[in-house]
Amino acid sequence: MRPSINTSVGKLKFRNPTLLASGILGETASSMIRVYKAGAGGVVTKSIGKQPREGYQNPTVYLFEGGMLNAMGLPNPGIEYFKGEIEKLKGEHIPTIGSIFSGDAAEFAELAALMESAGADAVELNLSCPHVEGVGSEIGGRAENVYEIVKSVCDRVSIPVWAKMTPNTSDISELAIAAERAGASAIVAINTVKAMAISTELRRPVLSNRVGGLSGQAIKYIGLRAVFEISEKCSIPVVGVGGIYSGRDAAEYIMAGACAVEIGTAVSRYGPEIFGEVNRELEEFMENEHFSSIEEMVGVAHRA
């Protein structure tokens, strides 16, 4: 009998544990529909703010063998326009998590309510972008801010609230605990790691913003450590992110305590077909290792 790769993140059910991470192919309904048809279990949208935002000037992306460095500056069309994209996704019955960002708790709650009214199945709070002033890790790096924002959102909406954590902190578990205390339904770990690259020919930083977020295979082991630590301290589900390129990568995160994973940088390198490939490899791994379900595999590394 073939293993089942269905999974749940709290009340949300997914046909498989691989979700599109925020920031890659998540700005239009058509691109997210394409990702879902290629094999993703669900999608997380681009991070959306209250007003349209252009983002930073080029160069904003630097690709290298081990992953990617980016400082896009959170470009997005604004929530009023984006509600239409959410409605299109729901017409296709695609599990949709709306990612939102802001600089204060009240606006986070307002954005979450608008995502809910448009039909999002959950909201993911971007508390962890490392390269935009006044939002992301600048506010999400302190437990008291995480608590205030998550509580404000949870008091406003009835859909699940996922809190995306920054690795750019001395204790990511402290932030996750604050989110759980405030009512979060799940923790997402991790966002990108604050980093930079230098052009030796130009004698200056490669990115226009100088500092960006490091993602891809280069941060996999940071992500695994974060998921392992958070799942030991928190009782709510954990979604793992960072450097997932294969079924074995996904299995490592699940064994560390994640019940689902998000894939981003690998999509930019290999296209949406990466979802089908990861799921095929994961199912084959589970069959070989005699796991009958994702639930059976979640957190086994803690019991070793």
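**Exercise 1. Helix against helix.** H5 and H6 cross in a right-handed way, a crossing being right-handed if the near helix is turned clockwise from the far one by less than a right angle, and left-handed if anticlockwise. Work out which residues of H5 and H6 make the contact.

*Solution.* Before starting, note that this is a predicted model, where local features need pLDDT of at least 70, side-chain atom pairs count only at pLDDT 80 or more, and totals for chains, interfaces and linings use all residues. Residues are numbered from 1 along each chain as its sequence is written, and side-chain values use heavy atoms, with hydrogens and water left out.

Step 1: find the partners. On H5 look at Ala143, Val146, Tyr147 and Val150; on H6 look at Glu174, Leu175, Ala178, Ala179 and Arg181. Contact here means heavy atoms within 4.5 Å.

Step 2: sort them by class. You get seven nonpolar, no polar and two charged residues. Ala, Val, Leu, Ile, Met, Phe, Trp, Tyr, Cys and Pro count as nonpolar, Asp, Glu, Lys and Arg as charged, and the others, Gly among them, as polar.

Step 3: add the geometry. H5 (residues 143-156) packs on H6 (residues 172-181) at about 25°, with the axes 8 Å apart. That angle makes the pair roughly parallel, a label for angles under 35 degrees. Helices are DSSP runs (H or I, at least four residues), and strands are E runs of at least two, numbered from the N terminus.

**Exercise 2. An enclosed helix.** Explain why H8 is largely enclosed by the rest of the structure.

*Solution.* Step 1: count. H8 (residues 247-256) has ten residues and seven of them are buried, so the rest of the structure largely encloses this helix. Buried means under 20% relative accessible area (1.4 Å probe, protein chains only).

Step 2: name them. They are Gly247, Asp249, Ala250, Ala251, Tyr253, Ile254 and Ala256.

Step 3: see what they pack against. The neighbours are helices H7 (220-233), H10 (274-288) and H11 (294-297), plus strands S15 (238-241) and S16 (258-263).

Step 4: check what follows. Gly257 comes after H8 and has a positive phi, near 135°.

**Exercise 3. A residue in H10.** Is Phe275 buried or exposed?

*Solution.* Step 1: place Phe275 in helix H10.

Step 2: read the accessibility. Phe275 sits at 0%, so Phe275 counts as buried.

Step 3: list the contacts. Beyond four places in sequence, Phe275 touches residues including Thr18, Leu20, Val35, Ala40 and Ile263.

Conventions. Axes are lines fitted to C-alpha atoms, for helices over the stretch in contact, and angles run from 0 to 180 degrees between N-to-C directions. Angles under 35 degrees count as roughly parallel, over 145 as roughly antiparallel, 65 to 115 as roughly perpendicular and the rest as oblique. Buried means under 20% relative accessible area, exposed over 50%, partly exposed in between (1.4 Å probe, protein chains only).
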